[in-house]
Amino acid sequence: MKKNLRGSIGMAVAVLGLSASAVVPALAATAPTYTIDSIMVNDLTIKAANAPTADITMGGSSFVSNILTPALAHYKAINTEKSVAAYDGTQGSTNGRKKVTGAATPALNVGFSDFPLENSGSDTFTYTVGSGLASNFAQLPVALGGVAITYNVPALNSSALQKLLAKNPLTLTGAQVGKIFAQKITKWNDASICATNKTLTVKVKVGKKTVTQCALPNETIHVVSRTAGSGTTYMFKDYLSKVDATDFASADSAVFAKTTGIDIPTVANSAAMATQIDALDNSIGYVEYGFAAVTPGVNVASIVNASGVAVQPNATTVAAAAAAKTGFAMDTLAHRSLNNLTGKSVYPITGYSYAILLKEQSNRNNGITAVKVLDYLTHQGGAGTAGRPFTKAGTFGQDYAAVTGYVALPKTIQTLARNILLTVKDSNNAVLLNASN
Amino acid sequence: MPMDQSTTSTNAAGDLSNVSSSPKFNLAARGDGRYNIAMRIGQALLAIFIIVFFGSIIIQSIPGWQSAGFGFFTSTDWSNADFKFGALSLIAGTLVTTFIALLFAVPVGISAALSIQFLLHRRLRVFFSSLVEVLAIVPSIVFGVWGVAVISPWTQHTLEPFLRDISGGAPPFQGEIYGIGLLLGGLVLGVMILPTVVAVSRDAFAMVPQTLIEGAYGLGATRTQVLFRVALPAARRGVLGAVTLGTGRALGETVAMATILGGVTNKFPSSAFDLGATLASTIARDFLEATGSQVGALGSLALILTVIVFAVNYIARKIITRQAVML
């Protein structure tokens, strides 16, 4: 009898177990991709006890301003305490770097730059905690985007040519992009550009004959550069150094230097670049692709990648670049760079933008706010329990990526960002990002 | 008389022994003393501020002079990133854009002031003068973006090709057309200084004695003759002051010029179509990047700009004061 009872109970447990295992995968299939963990479960809003006396400040890279502006506004809106001020992306990455390194009390609580601080280099740091510059700062990827090569060639604006371009966008090889920005290719109808764009043709009458010829005009290419210190320039030149090493030896953020009689206008930020390309005929420039998408009159060229395929910058191709990267680490440019990676759908000019903040936060509440905002910025929303602001709203910083022209950080990078944030401490060496704060 | 003088001086010194024993008088005398001390402190603070301001700019600029030497004024190659400090192209850019601005703003501004003061009905006068003054409160960056996004396609497609064609490509209308650049910068600056020119020259026209105007009409002068042969000459110093004040504003304009000129700092302008930069726009653009002697070089630019702007404003004040005394 006992045996029978045990057997029955055993059977019942087994049946229950089987049913449960059948149900759980079904639930999992509909569950969101991100799970709220032990830190977020206590919610990422600012508590009264940890609120800063004034909104903390974030600024720098204009590359990331399209995603950070709405994301920070959302964070501020769902907080009842003081939290974070509007993002200031008017002056570029150098502004972000300098304003966190230039004074013992940084002018910005968190700076953003498209290239992180190194232990050696041109950055200055007015006081030293430990050795080296970068060792004083926590630096983490916050946004993933692509650098679009934008152009404005009025001769291509006819409806017939626009139809052709809709099928086959204007395509440039990496070498051509390098030569254009080095002013070694100076005309739009350069033989090599026409050869790359064989389908882009017009029929013209020469005498009695009708001949088909390259639709690109015999017009001077006006290169537009960002002002010195631009992180987008740094990301772009890192790419150029891989595809045109003769003209661009290494990555730097200096302006593109004039090598012919044609002047190179310089613009202060990404938005100004998009405006300038739109205003200047036969111009070419480079900007985070979200900016190009929202500016009418600015066209985006396809770039031939390392696998020989012409690709446009978009969410799929930029994500493909991030996925193709192996061994990402923060320590060196070679480990960080996503440029010119192999893969058919990889967009070749892609990179992360980084947040920079002091590892030792002398003002504890400012520090707590900074790490909470950054944790929010570097994750995607999803699962959660009703009643917690973020989980209820379901929106984290990376959820803004797709709608603003970026790609959400890969899961491995989200984890990396979390681990880096866990190194930020107060003056008593206490970790600021934890469940009780 | 000598006795009066000694009494006055005693009072001013606050010595109460020789004056009336009235409490009211005592209070006034004490108040005078305090007022004098407050005034002296105010003056001293102002003097200290001015000395500190100029002193700090001069000290800041010393490394710049040391590293560039006389080449600062003779070289046209400015590249802060490469430690090349030749300010000639920037000084030229500043003067050229200001000159173009004046070519536009002086005739337009003076005509506007004349018509507002003499030709419009009183109610319309208030409306139009406040309309012009609205331009003065538009932020500089708005002018910059307006210049690049709205006006530069027009200069690129219409104005600059027209000028090049009509002049046959002769200087200063030769070379590559960009739309943005010195000509557009000058025109936008002209619009920006228009409110200053209009407001100050209108004040000068308002000070022209009515008897002069009426006398001229009485002698049978036409309206045009009254405006250009009587009112304008009578107010010429005030108008000159208006133009000089406008010039001061144009020389120091920063954000709009940083947006419109194209930021080319290593080329002495040879054409109105050229890209360029001004002293002020270069300081604004390079400052965030600068460290060490680069900051010093920017300090030198600041000193040059300050001297030019102060000189222009000083001349303007002198001219306006003389006009007021004459009338």
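**Group meeting: strands, interface and loops in a predicted two-chain model**

I begin with chain A, where strand S4(A) is joined by 2 bridges to strand S12, residues 302–304 of chain A, and the two run parallel. One register point is worth recording: A:Thr171 has A:Ser302 as its bridge partner in S12(A). This pairing belongs to an open sheet of 3 strands in chain A, ordered S4-S12-S13, with mixed pairing. Its edges are strand S4 (171–172) and strand S13 (310–311) of chain A, each of which pairs on one side only.

Before continuing, I should state that this is a predicted model. Its scores are ipTM 0.73 and pTM 0.79. For chain B the mean pLDDT is 84, with 88% of the residues at 70 or more. The exception I wish to point out is residues 1–21 of chain B, where pLDDT stays under 50. For that segment the model has 10 contacts beyond four places in sequence. Where pLDDT is low, the predicted coordinates should not be read in detail.

A second strand pairing in chain A involves strand S5, residues 201–206, and strand S6, residues 209–214. These two run antiparallel and are joined by 6 bridges. Within the pairing, A:Val202 stands opposite A:Gln213 of S6(A). S5(A) and S6(A) form a hairpin with 2 residues between them, and A:Gly207 in the turn has a positive phi of about 70°.

What, then, is the phi of A:Gln183, a residue other than glycine? The value is near 60°, which is positive. A:Gln183 is located in the loop between helix H5 (174–181) and helix H6 (191–196) of chain A. In chain B, the backbone feature to note is a cis peptide bond between B:Pro171 and B:Pro172, with omega about 5°. B:Pro172 lies in the loop that connects helix H6 (140–166) with helix H7 (182–206) of chain B.

I turn now to the interface. How many residues of each chain are in contact with the other? On the chain A side there are 24, and on the chain B side 21. Between them the chains bury about 1,800 Å², of which 52% is on carbon and sulfur atoms. Of the area that chain A buries against chain B, 28% comes from A:Lys98, A:Asp263 and A:Ala279, more than from any other three residues.

One of those three, A:Asp263, also meets B:Lys267 in a side-chain salt bridge, at 3.1 Å from N to O. The rule finds 1 salt bridge across the interface of chain A and chain B. It also finds 8 residue pairs in polar contact there, both residues being at pLDDT 80 or more. As for secondary structure, helix H3 (93–101), strand S9 (266–267) and helix H8 (270–279) of chain A each supply at least two residues to the side that touches chain B. By class, that side of chain A has 8 nonpolar, 12 polar and 4 charged residues.

Finally, salt bridges over the whole structure: the search finds 12 over all chains. Among them is the pair A:Asp244 and A:Lys179, whose closest N and O atoms are 3.3 Å apart. Why does this pair tie together parts that are 65 residues apart in sequence? A:Asp244 lies in the loop between helix H7 (231–243) and S9 of chain A, whereas A:Lys179 lies in helix H5 of chain A, so the salt bridge links those two parts.

How values were computed
Residues numbered from 1 in each chain as written. Chains lettered and ligands numbered in written order. Heavy atoms only, no water. pLDDT = per-residue confidence, 0-100. Contact = heavy atoms within 4.5 Å. Buried area = accessible area lost by both parts, 1.4 Å probe. Salt bridge = Lys/Arg side-chain N within 4 Å of Asp/Glu carboxyl O. Polar contact = N/O pair within 3.5 Å; in protein donor to acceptor, adjacent residues only side chain to side chain. Helix = DSSP H or I, 4+ residues; strand = E, 2+ residues; numbered from the N terminus. Nonpolar A, V, L, I, M, F, W, Y, C, P; charged D, E, K, R; others polar. Pairing = 2+ DSSP bridges.
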